[in-house]
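Subject: Handover of a structure for your study

Dear colleague,

Please find below the structure that I promised to pass on to you. I would ask you to keep it open while you read the notes that follow.

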Amino acid sequence: MRAYFPKAVATVGGLVLTAGFLASAPASATSSGQQTSAQEQQAKACRDYPKSYTKAKGKKNSGTATTGRRCADIQIKTGTDRLVQVCLKPSSGGLDCRGFKQTRAGVWKNLATNVADGTKFYFNFASKAYSKGKWAA
């Protein structure tokens, strides 16, 4: 019996460690899920106060707008499928244009995250076609 005792302890110890690891995994997944849910709730709350934009035919840019206190992100809902990017004009100067993202008609699309309140920005469209929709920032 003595010969098997260390092996049995090692096996039991391994099972305890494995069980401890597995027990902690769902907590991490729940925490991540809760964080995503909180971010989505904030994004939805931001969209409770949308503003309209209209981009004239022949132009690529919308007019300049300013972020507010309600939102940390800049989101857009276009009337038709479009390739759009947001260009930030930080108070420190310069221009920070984010990559183009594909939007789907009638669906909110997040173009920039964690943008400071009071930041000026505009939408840059890949097409010069007329565009109308809503934005939240």
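How many disulfides does a search of the whole structure find? The search finds 2 disulfides. Before I describe them, please note that this is a predicted model, and every value below was computed from it.

The first topic is the pair Cys-46 and Cys-71. These two cysteines form a disulfide, with their sulfur atoms 1.7 Å apart. Cys-46 belongs to helix H1, which covers residues 5–46, while Cys-71 sits in the loop between E2 and strand E3 (74–78), so this disulfide ties together parts that are 25 residues apart in sequence. The angle about the S-S bond is 105°, and the link is right-handed. Both cysteines of this pair are buried.

The other disulfide joins Cys-87 to Cys-97, with an S to S distance of 2.1 Å. Here Cys-87 lies in strand E4 (residues 82–89) and Cys-97 in strand E5 (residues 96–97), so the bond ties together parts that are 10 residues apart in sequence. The torsion about the S-S bond of Cys-87 and Cys-97 is about 110°, and the disulfide is therefore right-handed. Are Cys-87 and Cys-97 buried or exposed? Cys-87 counts as buried, at 0% relative accessibility, whereas Cys-97 counts as partly exposed, at 36%. If the bonded cysteines of the protein chain are numbered in sequence order, the pairing reads 1-2, 3-4.

I turn now to the chain as a whole. Its secondary structure comes to 1 helix and 9 strands. Along the sequence, the pattern is α-β-β-β-β-β-β-β-β-β, which you may wish to trace on your screen. The protein chain has 137 residues, and 26% of them count as buried. It exposes about 9,000 Å², of which carbon and sulfur atoms supply 56%. Among contacts between residues at least 6 apart in sequence, 78% join residues at least 24 apart.

Which strands form an open sheet, and in what order? There are 4 strands in this sheet, in the order E1-E9-E3-E7, and their pairing is antiparallel. E1 and E7 stand at the edges with a single partner strand each, so one side of each is left without a neighbour in the sheet. On average, neighbouring strands of this sheet are turned by 35° against each other, with direction ignored. Within the sheet, E3 and strand E9 (residues 131–136) run antiparallel and are joined by 4 bridges. Lys-77 stands opposite Lys-134, a residue of E9.

Two loop residues also deserve a look. Thr-64 is found in the loop between strand E1 (51–55) and strand E2 (65–66). With a relative accessibility of 47%, Thr-64 counts as partly exposed. What does Thr-64 touch, if residues up to four places away in sequence are not counted? Thr-64 touches Lys-89, Lys-120, Phe-121 and Tyr-122. For Tyr-122, which is 58 residues from Thr-64 along the chain, the C-alpha atoms of the two residues are separated by 4.7 Å.

The other loop residue is Ala-116, located between strand E7 (109–112) and strand E8 (120–125). Ala-116 counts as partly exposed, at 48% relative accessibility. Its C-alpha atom is separated by 6.9 Å from that of Ala-72, although the two residues are 44 residues apart along the chain.

Finally, there is a charged pair to report. How many salt bridges does the structure hold? It holds 1 salt bridge, in which the side chains of Asp-96 and Arg-98 meet at 3.1 Å, N to O. Asp-96 is partly exposed, with a relative accessible area of 30%. Arg-98 is likewise partly exposed, and its relative accessible area is 28%.

I suggest that you locate each of these features in turn in the structure above.

Yours sincerely,
A colleague

Technical notes
Residues are numbered from 1 along each chain as its sequence is written. This is a predicted model: local features need pLDDT of at least 70, side-chain atom pairs count only at pLDDT 80 or more; totals for chains, interfaces and linings use all residues. Side-chain values use heavy atoms; hydrogens and water are left out. A salt bridge is a side-chain nitrogen of Lys or Arg within 4 Å of a carboxyl oxygen of Asp or Glu. Buried means under 20% relative accessible area, exposed over 50%, partly exposed in between (1.4 Å probe, protein chains only). Contact means heavy atoms within 4.5 Å. Accessible areas come from the Shrake-Rupley method with a 1.4 Å probe; for residues, only the protein chains shown count as cover. A disulfide is a pair of cysteine sulfur atoms within 2.5 Å. Two strands pair if DSSP finds at least two bridges between them. Axes are lines fitted to C-alpha atoms, for helices over the stretch in contact, and angles run from 0 to 180 degrees between N-to-C directions.
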